[in-house]
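Reader: I'm new to reading protein models and would love a close look at one part of this one. Could you walk me through it slowly?

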Amino acid sequence: SWNALMFAAPVLSAWTAYLLCRRLCGAALPAFAGGYVFGFSPYVLSQMQGAPQLAFVALLPLLALVVVQHVQGALADRRFVVAVAALVAAQLLVSTEVLATAAFFGAITLAVAWLRLPDHRAALRRTAGLLAVGGAAAGVLVSPVLYWLLLGERTLPEHALEAFPADLLSLIVPGTITGASAERLGESVPAWATGGAYLGLPLLVLVGLFAWQARGDRAAQVLLAGFAAATVASLGRTLV
């Protein structure tokens, strides 16, 4: 079971990210590259060492995909609500942390899109409203889990918000996602040592080139704002 899940986590995540990238760029080769970067990212590889619920992020690109399709008018309201309800419920059953993170940064990205894409504001407003409806429907579907999560004896993992900031250098310095055991690293190993936040200079250069070439494109500004928000937030309250 473990082997099957660890095989599925990166492969399915890469595939769903490919579908999202293909929708956005309309070309197979760059979409393939985007899917690979997402599905086989250092984050996924590091979580595969012991946190399968965090490694399986295949549902996130699907959530973004149905949002894009609805804003573009390619997905009917009823189907959109059903898709959101199913995806949100499934993600909550996989990982509440990943769902909360996706909701937070998804809201930021939608807000930036509303500010920077005035021609799409009506569609974005309608999509946001139906997202809330789909989320509420998902809450009904998994209400027993939500009850014990919010009102039961189980405590929420607040430490997850504080104990794992990304070291600023970890964006360009690879970590020890392959090989080093806890005994070798020691108990005082910093949170970034697994390399989950690693992007690398080549990818960062590509992001910089994209930002320069598309500096007048408002849709590109939405993507870059979402990227910047997630990157800055990953550093935690105090810069390490």
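Reader: Let's start with Arg126: does it count as buried, partly exposed or exposed, and what is its relative accessibility?

Author: Happy to, and keep in mind as we go that this is a predicted model. Arg126 counts as partly exposed, because its relative accessibility is 49%, and the cut-off for exposed is over 50%.

Now look at who Arg126 pairs up with. Asp77 makes a salt bridge with Arg126, and their closest N and O atoms sit 2.2 Å apart. In general, side chains of opposite charge can pair when their charged atoms come close. Searching the whole structure turns up one salt bridge. Asp77 belongs to helix H6 and Arg126 to helix H8, so the pair ties together parts that are 49 residues apart in sequence. Like its partner, Asp77 is partly exposed, with a relative accessible area of 26%.

Right by this pair you'll find His70, which is part of helix H5. His70 touches both Asp77 and Arg126, and its other contacts beyond four places in sequence include Leu75, Phe80 and Leu130. With a relative accessibility of 6%, His70 counts as buried.

Next, follow helix H6 itself. Helix H6 runs over residues 77-94, which makes 18 residues. From first C-alpha to last, H6 reaches 26 Å, close to the 26 Å expected at 1.5 Å a residue. Try picking out its buried residues: among them are Phe80, Val81, Val84, Leu87, Val88 and Leu92. A bit of helix geometry helps when you look at a list like that: an α-helix has 3.6 residues a turn, so residues three or four places apart point the same way. And what do the buried residues of H6 pack against? Their partners are helix H5 (59-71), helix H7 (96-116), helix H8 (121-141) and helix H9 (143-150).

That brings us to the largest nonpolar core, a group of 26 residues in which Val66, Phe80 and Val88 touch the most other members. H5, H6, H7 and H8 each put in at least two residues, and H6 gives the largest share, seven residues. Zoom in on Val66 for an example: setting aside neighbours within four places in sequence, Val66 is in contact with Leu75, Phe80, Ala83, Val84 and Leu87. There is also a second, separate core of five residues, and Val44, Ala51, Leu54 and Val98 are among its members.

So Phe80 is a nice residue to keep on screen. Phe80 is buried in H6, touches His70, is in contact with Val66, and is one of the residues with the most partners in the largest nonpolar core.

While you have the model open, check the cysteines too. A disulfide is a covalent bond between the sulfur atoms of two cysteines, and the count here comes to zero. Take Cys21: the closest cysteine sulfur, in Cys25, is 6.4 Å away, too far for a bond. Cys21 is partly exposed at 22% relative accessible area, and Cys25 is partly exposed at 41%.

Conventions. Residues numbered from 1 in each chain as written. Predicted model: local features only at pLDDT ≥ 70, side-chain atom pairs only at ≥ 80, totals over all residues. Heavy atoms only, no water. Helix = DSSP H or I, 4+ residues; strand = E, 2+ residues; numbered from the N terminus. Expected span 1.5 Å × (residues − 1). Buried < 20%, exposed > 50% of the residue type's maximum accessible area, 1.4 Å probe, protein only. Contact = heavy atoms within 4.5 Å. Disulfide = S-S within 2.5 Å. Salt bridge = Lys/Arg side-chain N within 4 Å of Asp/Glu carboxyl O. Core = buried A, V, L, I, M, F, W, Y, C linked by side-chain atoms within 4.5 Å.
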